[in-house]
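The following exercises are to be worked through with the model in view. Each task is followed by a solution in steps.

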Amino acid sequence: MSLTLALAMVVAIVDGDSIKVTDKQQNQYDVRLAYIDAPELSQPYGEMSKEILGSMITNERVTLRCPTQDASGEWVCIVWKEGYDTSRRMINKGGAWVDPTSDAGAAWYRDEQKARKAKKGLWSLPEEQRVLWSWKPTK
């Protein structure tokens, strides 16, 4: 099952890679941004990552293409605002990592490398504070 929404309203920023949106009929959807992973709120840079995402899309109309739902029921979506991909913008600003378990293309990794070299966002932290998978629970 997939979902496409044009002109959905972003009503909440949950963290640096999750949002809540409503459609024209006011149905609410939990959305995780595709291709990225951001620090959890309790982790280094978690609050700042949320702020970066919020500065881009809070109370804005966006278009979503959601090919899947994850195990928790969140839609995994590519979210566009005014023609730009919000996930990719998060990578460029250093607000998130490319999710290595996703099927993100090479351009995503190049963008991440540029942010890393420029020490943008989370890349300004000491390495021990930004190693993504050391924070994640093992499955």
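**Exercise 1. The faces of helix 2**

In helix 2 (residues 86-93), the buried residues are T86, S87, M90 and I91. Task: explain why these buried residues line one face of helix 2.

Solution. Step 1: viewed down the axis of helix 2, the buried residues fall within an arc of 150 degrees, so they line one face of the helix. The arc is taken over the directions from the helix axis to the C-beta atoms. Step 2: an α-helix has 3.6 residues a turn, so residues three or four places apart point the same way. Step 3: buried means under 20% relative accessible area, exposed over 50%, and partly exposed in between (1.4 Å probe, protein chains only). Helices (H or I, at least four residues) and strands (E, at least two) are DSSP runs, numbered from the N terminus.

The model is predicted: local features need pLDDT of at least 70, side-chain atom pairs count only at pLDDT 80 or more, and totals for chains, interfaces and linings use all residues. Residues are numbered from 1 along each chain as its sequence is written, and side-chain values use heavy atoms, with hydrogens and water left out.

**Exercise 2. The ends of helix 2**

Task: state which side chain reaches a backbone nitrogen at the start of helix 2, and which residue follows the helix.

Solution. Step 1: at the start, a side-chain oxygen of D85 comes to within 2.9 Å of the backbone nitrogen of S87. This is a polar contact (a pair of N or O atoms within 3.5 Å; within protein, one must be able to donate a hydrogen and the other to accept it, and residues adjacent in sequence count only if both atoms are side-chain atoms). Step 2: G94 follows helix 2, and its phi is positive, near 75 degrees.

**Exercise 3. Buried acidic side chains**

Task: determine which backbone nitrogens lie by the side chains of D15 and E112.

Solution. Step 1: D15 belongs to strand 1 and counts as buried at 9% relative accessibility. Step 2: a polar atom of the D15 side chain lies 3.0 Å from the backbone nitrogen of D17, and the D15 side chain also reaches the backbone nitrogen of S18 at 3.0 Å. Step 3: E112, in helix 3 (residues 106-117), is buried with a relative accessible area of 8%. A polar atom of the E112 side chain is 2.7 Å from the backbone nitrogen of V98.

**Exercise 4. Positive phi outside glycine**

Task: decide whether Q26 is buried or exposed, and locate Y35.

Solution. Step 1: Q26 has a positive phi near 70 degrees and sits in the loop between strand 2 and strand 3 (28-33). At 59% relative accessibility, Q26 is exposed. Step 2: Y35, with a positive phi near 75 degrees, is in the loop between strand 3 and strand 4. Its relative accessible area of 22% makes Y35 partly exposed.

**Exercise 5. The second largest pocket**

Task: describe the lining of the second largest pocket.

Solution. Step 1: the lining includes Y35, I36, T68 and D99. Step 2: its residues divide into six nonpolar, three polar and three charged. Step 3: strand 5 (61-69) and strand 6 (75-81) each supply at least two lining residues. On a 1 Å grid over the protein atoms alone, a pocket is an open set of points where a 1.4 Å probe fits, with protein on both sides within 12 Å along at least five of seven lines; lining residues have an atom within 4 Å of a point.

Note on methods:
Ala, Val, Leu, Ile, Met, Phe, Trp, Tyr, Cys and Pro count as nonpolar, Asp, Glu, Lys and Arg as charged, and the others, Gly among them, as polar.
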